[in-house]
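Biologist: Got a minute to walk me through this one? I'd like to start where the chains meet.
Modeller: Sure, let me put it up.

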Amino acid sequence: MDAAIACRGLTKRYGSVVALDGLDLEVPPRVIFGFLGPNGAGKTTTMKILAGLLAPTAGVACVGGIEVSPHDPGSRRRVGYLPEEPSFYGWMTAREYLLFAAGLLGMAGREAARRADELLDLVDLRQASGRRIGGFSRGMRQRLGIAQALVGRPAVLLLDEPSSALDPLGRRDVLGLIERLAGETTVFMSTHILADVERLCQEVAIVARGRLVAQAGQNELRHRYAAPIFEIETAAPAPALLERLRGEPWVARVDQEANVLRITARDEQRARRELPQIIAALGEQLLRYQQAQPTLEDVFVRLVEA
Amino acid sequence: MAIVVLLRKELLEQWRARRLLVLGVAFLFFGLLSPVTAKLTPELIKLAGASAPGLVIQIPPPSVADAVAQYIKNLSQILPLVVLLATMGSVAGEVERGTLPMVLAKPVGRGTVLAAKYLGLAAALLIAQLLGALAAYYYTQVLFGGLELGAFVAMNLAAGLYLLVILSLTFLASTLVRSTVAAGALAFGFWVLLLIVSSLPRVGQHTPPALLAWAAQLGTGQPNGSHWGALWASVALIAVCLIAAWLHFRQEEL
């Protein structure tokens, strides 16, 4: 089966600034795909190229096997796009905007009205459908943004940081909505909120400095890239232990939070052997010692900092 | 058809954002004011003269030609500025507010989006000028009489073409820059440049502002010489503005 999204050698330069540097990426169909990266990594640029708003300097971006281009309107038929900060015509009502979007996709009359109403129900805006968008909260606008992107039943839904600017309730609603889309369409979601990715995404790609750093399923990514991590909790702060560990060659980094030390090891075997000995030698009162499950954040930090 | 959907949106926006209202009221106001000003100006001057003993002011009685001259003056000075201010944000305003990406991510061409915008603005201008012209015609007939309808229509067509030139220059400016204020400043610059070129000897009579002199002659039923050069120059300038706007907008990175 064709990849839902395929980017090959995707490059975008703005003068001397390289936003994308030969990005290669393949997204399988009907998954919720997390597109991760620090600010300035090229996520939004990739999104805009896939949405047909920007032309790449080099390389190709395909959706459903068709190359997307700003100069070929037909190539955008299979794509739904929600920008990072969706802006609407504030003088329109939510229903009018969806009918407008449906009209641009060639729907009219009852078909457009039925689709608008379906989507208003889906995003829980039926009650507010007759209100002007200018008075909507940020969360409502985000949900309407998802609805307008879904009007044409796109094969690929591009969501650029869909939950970044929302309060906890707005975020809960939007994430719940994205969860409900699983299996219906391919959701390609850029974000830097790793908790959202852990909750929603089956597969993840990490980009840094305009290049793909890693791509895999969430669990595979953790196993493949996470360094072993050990957590130690002591009865009182242990500055001597902290200093000693930071000097050990098998320790990559130590993070301290109150009485808990989180040790990222370079050599798992040595860590298992030597860590208990060091704690005992320094006479620290140990409350907890465990080898922790690496989180997506551990993988992210390690890959992006590399 | 995407252009019909977009044009409907443009017209609805003109209505709800009160742009049509502003244009309509401005044209209506100056349409009414022109014959009234022509009629009352001599009276006002006489009143001013009365306060200075010994000063005798002799003014010929106002005629329909004065009403037409006043109407053309408003169409050439104040109303182009109103058109500029009302339309300068047509594209730049949308870029500024960020409303275009979700529209352009749909399967519609950028040329279609621009065409709908321009047609919407031209329609608003047409409606506004029609209102102003009707008001001016009616009051001129009431106050002076003797205004020939055919001549008045011809005059409005010539003046309307000039306003369409101003609209096209503003539209181009709005496409070239990313803020409404900058678009307004650039459009004003284009207008001033046009007026400077029109004041040059020999060249001036073949520029769009010469349409206004022609319009005045048509309105009084005294055409004096051929102004086809100005007409074709206006049509060409409108075409250049629209093509340049499209060439720039199709490459615009949003």
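Modeller: Start with K12(A) and E253(B), whose side chains form a salt bridge, N to O at 2.6 Å. Keep in mind that this is a predicted model.

Biologist: How many salt bridges are there between chain B and chain A?
Modeller: There are 2 between those chains. E96(A) also pairs with R16(B), with the closest N and O atoms 2.8 Å apart. That pair crosses between chains, from helix α2 (residues 94-104) of chain A to helix α1 (residues 2-16) of chain B.

Biologist: Is E96(A) buried or partly exposed?
Modeller: Partly exposed, because its relative accessible area is 24% and buried would need under 20%.

Biologist: And polar contacts between chain B and chain A, how many residue pairs?
Modeller: The count is 12 residue pairs, both partners at pLDDT 80 or more.

Biologist: Which elements of chain B give two or more residues to the side that touches chain A?
Modeller: Those are α1, α4 (92-97) and α5 (100-104) of chain B. α1(B) gives the most, with 7 residues.

Biologist: What area is buried between chain B and chain A?
Modeller: About 2600 Å². Carbon and sulfur atoms give 62% of that. R16(B), M102(B) and P107(B) supply 28% of the area that chain B buries against chain A, more than any other three residues. So R16(B) turns up twice: in that trio and in the salt bridge with E96(A).

Biologist: How many residues are in contact on each side?
Modeller: 26 residues of chain B touch 31 residues of chain A.

Biologist: Back to salt bridges. How many does the structure hold over all chains?
Modeller: 24. In chain B, E252(B) pairs with R178(B), the closest N and O atoms being 3.0 Å apart. The two sit 74 residues apart, in distant parts of the chain. E252(B) lies in the segment after α10 (228-249), and R178(B) in the loop between α7 (149-176) and α8 (180-198) of chain B.

Biologist: Which of those two is buried, and which is partly exposed?
Modeller: E252(B) is buried, at 8% relative accessibility. R178(B) is partly exposed, at 45%.

Biologist: Which residues of chain B do shared salt-bridge partners join into one network?
Modeller: K9(B), E10(B), E13(B), E94(B) and K117(B).

Biologist: Give me one within chain A.
Modeller: D121(A) with R126(A), the closest N and O atoms 3.3 Å apart. Here D121(A) is partly exposed at 44% relative accessible area, and R126(A) is partly exposed at 37%.

Biologist: New topic. What does chain A look like overall?
Modeller: It has 10 helices and 14 strands. Its C-alpha atoms fill a box of roughly 80 × 45 × 35 Å along the principal axes. Of its 306 residues, 53% count as buried. Among contacts between residues at least 6 apart in sequence, 67% join residues at least 24 apart.

Biologist: Why is helix α1 (residues 43-50) of chain A called largely enclosed?
Modeller: Because 6 of its 8 residues are buried. They are K43(A), T45(A), T46(A), M47(A), I49(A) and L50(A). After the helix comes G52(A), with a positive phi near 80°.

Biologist: And helix α7 (residues 218-225) of chain A, which residues are buried there?
Modeller: Q218(A), L221(A) and R222(A). They line one face of the helix, because they fall within an arc of 100° seen down its axis. On the other side, N219(A) and H223(A) are exposed.

Biologist: What do the buried residues of α7(A) pack against?
Modeller: α6 (194-200), β9 (203-208), β10 (211-217) and α10 (296-305) of chain A.

Biologist: Where is confidence lowest in chain A, and where is it highest?
Modeller: Lowest in α7(A), at a mean of 78. Highest in α2(A), at 97. Chain A as a whole has a mean pLDDT of 91, and 99% of its residues reach 70 or more.

Biologist: Why should I care about low values?
Modeller: Because where pLDDT is low, predicted coordinates should not be read in detail.

Technical notes
Residues are numbered from 1 along each chain as its sequence is written. Chains are lettered from A and ligands numbered from 1 in the order in which they are written. Side-chain values use heavy atoms; hydrogens and water are left out. A salt bridge is a side-chain nitrogen of Lys or Arg within 4 Å of a carboxyl oxygen of Asp or Glu. Helices (H or I, at least four residues) and strands (E, at least two) are DSSP runs, numbered from the N terminus. Buried means under 20% relative accessible area, exposed over 50%, partly exposed in between (1.4 Å probe, protein chains only). The arc is that of the directions from the helix axis to the C-beta atoms. Contact means heavy atoms within 4.5 Å. pLDDT is the predictor's confidence in each residue, from 0 to 100. Buried area is the accessible area (1.4 Å probe) that two parts lose on being put together, summed over both. A polar contact is a pair of N or O atoms within 3.5 Å; within protein, one must be able to donate a hydrogen and the other to accept it, and residues adjacent in sequence count only if both atoms are side-chain atoms.
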